[in-house]
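The following exercises concern side-chain interactions in one protein model. Each task is followed by a worked solution.

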Amino acid sequence: MDRFGSSKLRIGWTLVCLFFAGLMLMGVRGQQGAEGSQIVVFGTQVPLGADSLRDYALGSLQGVMYWLVSLVVLLGAFGPVSQWTAAAARGERLKGFFAGTGLGFAHGLFLSQVALIPVWALSWRLVGQAWPPELLRADLHGLLLGLQMLLWAVLLSRLLKSSAGLALLLTLLLRELGPRLSFFLDFGQDLGWSAGQVKVLEVFVRLLPMAQLPSDPFSPLALPLSIGGPLVLGALAMLLPTGGGRK
């Protein structure tokens, strides 16, 4: 695990997150009354009107957790894994892809769950529950998205050998592309598409990272394609020659 950062990094990360969790516990609380709900932030009242405090808080925290967890997993593992998969030997590249992705995901799992400590503290102060089911589900979906984005980023970094930053950028763009294509899944046949074309598009969309919370990430079609698809494509990319061989 030293490839992904020293123990000092993890200790420092934990201390920073605990500091922000303390701020949430001391300075933020939610109030639900007959005239509506409000959030009090260090003595400053933020009225929410007639909106339910629970619905408002959980709806907002779900999106935050989904983005935060997935990005921490991706950024915490991508650099070391991409360097490992840039090895000259094919066997080392495959080892770096499978072992590196697994170790990188474990590292990102630790960092992301530590990063959620302030979010759990905020949830407890706002709705009286530290681990409501809605947020636990968003956490799990964020981990799946983070793993999927990591696989795509490593795959693209192997294909685009000149720039790891470009691979990261394209991965983030793919994440935004998925929800846009979902429009054609709903209305493709109304636009004149055949059922076969819509089905092919559905398979393609399942392969892409999604920038919005999925409704069925564990369906028989979704999970094998979202994780297994980029895993197989990445393994094939590791078999490609490095180039620059003898002429």
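**Exercise 1.** How many aromatic pairs does the structure hold?

*Solution.* The structure is a predicted model, in which local features require pLDDT of at least 70 and side-chain atom pairs count only at pLDDT 80 or more, while totals for chains, interfaces and linings use all residues. Residues are numbered from 1 along each chain as its sequence is written, and side-chain values use heavy atoms, with hydrogens and water left out.

Step 1. The criterion: rings of Phe, Tyr and Trp (its six-membered ring) pair if their centres lie within 6.5 Å; planes under 30 degrees apart are stacked, over 60 edge-to-face, and the rest tilted.

Step 2. The structure holds 3 aromatic pairs. Among them is the edge-to-face pair of Phe19 and Phe20, with 5.6 Å from centre to centre and 70° between the planes.

Step 3. The rings of Phe97 and Phe98 have planes at 75° and centres 5.2 Å apart, so this pair is edge-to-face.

**Exercise 2.** Classify Phe97 and Phe98, then Phe19 and Phe20: which are buried, partly exposed or exposed?

*Solution.* Step 1. Buried means under 20% relative accessible area, exposed over 50%, and partly exposed in between (1.4 Å probe, protein chains only).

Step 2. Phe97, at 0%, is buried, whereas Phe98, at 44%, is partly exposed.

Step 3. Phe19 has 53% relative accessibility and is therefore exposed; Phe20, with 42%, is partly exposed.

**Exercise 3.** Determine how many salt bridges a search of the whole structure finds, and locate the partners of Glu176 and Glu202.

*Solution.* Step 1. A salt bridge is a side-chain nitrogen of Lys or Arg within 4 Å of a carboxyl oxygen of Asp or Glu. The search finds 5 salt bridges.

Step 2. Glu176 bridges to Arg180 with an N to O distance of 3.3 Å. Both residues belong to helix α6 (residues 164–187) and lie 4 residues apart, about one turn of the helix. Helices are DSSP runs (H or I, at least four residues), numbered from the N terminus. Glu176 has a relative accessible area of 26% and is partly exposed; Arg180, at 53%, is exposed.

Step 3. Glu202 forms a salt bridge with Lys199, whose closest N and O atoms are 3.5 Å apart. These two residues lie in helix α7 (residues 195–207), 3 residues apart. Lys199 is partly exposed at 44%.

Step 4. Glu202 also meets Arg206 in a salt bridge of 3.7 Å, N to O. Because Glu202 and Arg206 are 4 residues apart in helix α7, about one helical turn separates them. Arg206 is partly exposed, at 22%.

Step 5. Salt bridges with shared partners join Arg175, Glu176 and Arg180 into one network.

**Exercise 4.** Over the ring of which residue does the charged end of Arg175 sit?

*Solution.* Step 1. The test requires NZ of Lys or CZ of Arg within 6 Å of the ring centre and within 35 degrees of the ring normal.

Step 2. The charged end of Arg175 sits over the ring of Trp67, 3.9 Å from its centre.

**Exercise 5.** Identify the contacts of Leu168 beyond its neighbours within four places in sequence.

*Solution.* Step 1. Contact means heavy atoms within 4.5 Å.

Step 2. Leu168 is placed in helix α6. With those neighbours left aside, its contacts are Leu74, Leu75, Phe78 and Ala153.

Step 3. Leu168 and Leu75 are 93 residues apart along the chain, and 9.0 Å separates their C-alpha atoms.
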